[in-house]
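Work through the exercises below with the sequence and the 3D view open. Each task is followed by a solution in steps.

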Amino acid sequence: MRYHRQTLLPQIGQAGQDRLSAARVLLIGCGALGSTIADQLVRAGVGFLRLADRDVVEETNLQRQTLFDEADAREQVPKAIAAEKRLRAVNSSVKVNPRVVDVHAGNIEELAGCIEGNAVQLIIDGTDNAQTRYLINDVAVKHAIPWIYGACVGVEGRVMVLRPPDGPCLRCIFPQPPAPGELATCDTSGVLGPAAVVVGALQAAQAIRRLSHSHDKNIEQLTWLDVWSGRFRSNSITFAKREDCIACGRRIFEFLDAGDRGALTSLCGRNAVQVRPQTAVRIDLKSLATKLSACGSTQQTPHLVRCHLPPPQDLNLTIFPDGRMIVQNTEDLDRARSVYARWVGT
Ligand SMILES: [Zn+2]
């Protein structure tokens, strides 16, 4: 009975609901778009939802990231963990798999289930950066997994359903990612909460459509919207597929094959740098916290260690069990690297 109002829909019915309940989905990014997407898919009764997100909840997220509350921000809970707790309370029959990770070329195929031979049926983009979208596109094309692009900045948003190998891929439409810093981001230009909710809702609707209808064809479209003026536009992209496309035409996966190079990432607009180990490591949070407590005020939670290094350094460090560190209060990559080498190792 739980899904009665949904199975009543002629577009879904009981057969569609059954397909939805068996579906496996990877959602990359659990911020503003991801909150709405995850909430809607879990309420709709998707079978399995893997949530991958690298960040912790901060106070400035609460204006638009609807899965989180003040306690999450106060305790700086990783978003994937806070989301899973909330989603489990919403619908305990959905298997939600939280992963506190930075998604990169070295782990995205594993996250998509391609390594274990149990690939997800859909990947949904809830990220806020172009590099990850091109990486998602490579995996989607390589393994023939449909994916749903979503982007939102200011009062505008874009949603696109991509269905390789039949339809066009991201690189058929936008062959190259924008240069770093070229595009406006939420961190530098702001974002209206309802704009993100509308984009996330459109992505969730297309996901439910895709997952409940195994034979749905010709659903590739690019939707552009401006929630401030109320303008909305959708164009079919079914015929945008290009035979000479580097990804889906020539099957060269530049972003995936680049390997795990991005060990240092400046988190644009946030005055912070992320440092990620080149190889897989497992950090003992307890002994790290003991070591760090000699140098500054340190807290340990089940998911991370935080430390404030007092002036003259004046840095806030957050370290996760996978060896990833976020160094706040600097945009200097070399400085972040040396702090990382000193406290976590190279
Ligand atoms: Zn293509």
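A38 has 0% relative accessibility, so A38 counts as buried (under 20% relative accessible area; exposed is over 50%, partly exposed in between, with a 1.4 Å probe and protein chains only). The exercises start from this residue.

This is a predicted model, in which local features need pLDDT of at least 70, side-chain atom pairs count only at pLDDT 80 or more, and totals for chains, interfaces and linings use all residues. Residues are numbered from 1 along each chain as its sequence is written, and side-chain values use heavy atoms, with hydrogens and water left out.

**Exercise 1. Place A38 and find what it touches.**

Step 1. Find the helix. A38 sits in α3, residues 32-44. Helices (H or I, at least four residues) and strands (E, at least two) are DSSP runs, numbered from the N terminus.

Step 2. List the contacts, meaning heavy atoms within 4.5 Å. Leaving out residues up to four places away in sequence, A38 touches L27, L49, L51, L67 and L87.

Step 3. Compare sequence and space. A38 and A196 are 158 residues apart along the chain, and 13 Å separates their C-alpha atoms.

**Exercise 2. Describe the surroundings of S212.**

Step 1. Locate the residue. S212 belongs to helix α10, residues 193-212.

Step 2. Check accessibility. S212 is buried, at 0% relative accessibility.

Step 3. Look for a partner. The S212 side chain reaches the backbone oxygen of I208 at 2.7 Å.

Step 4. Look further along the chain. Neighbours within four places aside, S212 is in contact with I12, G16 and R19.

**Exercise 3. Examine two salt bridges, D39 with R43 and E109 with K142.**

Step 1. Recall the idea. Side chains of opposite charge can pair when their charged atoms come close. The rule here asks for a side-chain nitrogen of Lys or Arg within 4 Å of a carboxyl oxygen of Asp or Glu. By this rule the count is 16 salt bridges.

Step 2. Take the pair in α3. The closest N and O atoms of D39 and R43 are 3.0 Å apart. How far apart are D39 and R43 in helix α3? They are four residues apart, which means about one helical turn. D39 is buried at 15%, whereas R43 is partly exposed at 40%.

Step 3. Take the second pair. E109 and K142 meet at 3.0 Å, N to O. E109 is in helix α6 (residues 108-111) and K142 in helix α7, so the bridge ties together parts 33 residues apart in sequence. E109 is buried at 15%; K142 is partly exposed at 34%.

**Exercise 4. Describe how the two domains meet.**

Step 1. Set the bounds. Domain 1 covers 4-257 and domain 2 covers 264-343; such bounds come from an automatic or database domain assignment. Their centres, taken over C-alpha atoms, are 29 Å apart.

Step 2. Assess the interface. In domain 1, 15 residues are in contact with 14 residues of domain 2. The buried area is about 1,300 Å², and carbon and sulfur atoms give 48% of it. Buried area is the accessible area (1.4 Å probe) that two parts lose on being put together, summed over both.

Step 3. Find the charged links. Three salt bridges run between the domains. R270 forms one with D55, at 3.4 Å between the closest N and O atoms.

Step 4. Place this pair. D55 is buried at 11%, and R270 is partly exposed at 25%.

Step 5. Add a network. Salt bridges also link R54, D102 and R276.

**Exercise 5. Find the unusual backbone spots.**

Step 1. Recall the background. Most residues other than glycine have a negative phi, and most peptide bonds are trans.

Step 2. Find the cis bonds. The P164 to P165 bond is cis, with omega near 10°. P165 lies in the loop between β6 (156-162) and α8 (170-173). P311 and P312 are also joined by a cis bond, with omega about 10°. P312 is in the loop between β12 (305-309) and β13 (315-319).

Step 3. Find the positive phi values. Q76 has phi near 50°, in the loop between α4 (70-74) and α5 (79-90). A144 has phi near 55°, in the loop between α7 (130-143) and β5 (147-153). A144 is partly exposed, at 41%.

Methods. A polar contact is a pair of N or O atoms within 3.5 Å; within protein, one must be able to donate a hydrogen and the other to accept it, and residues adjacent in sequence count only if both atoms are side-chain atoms.
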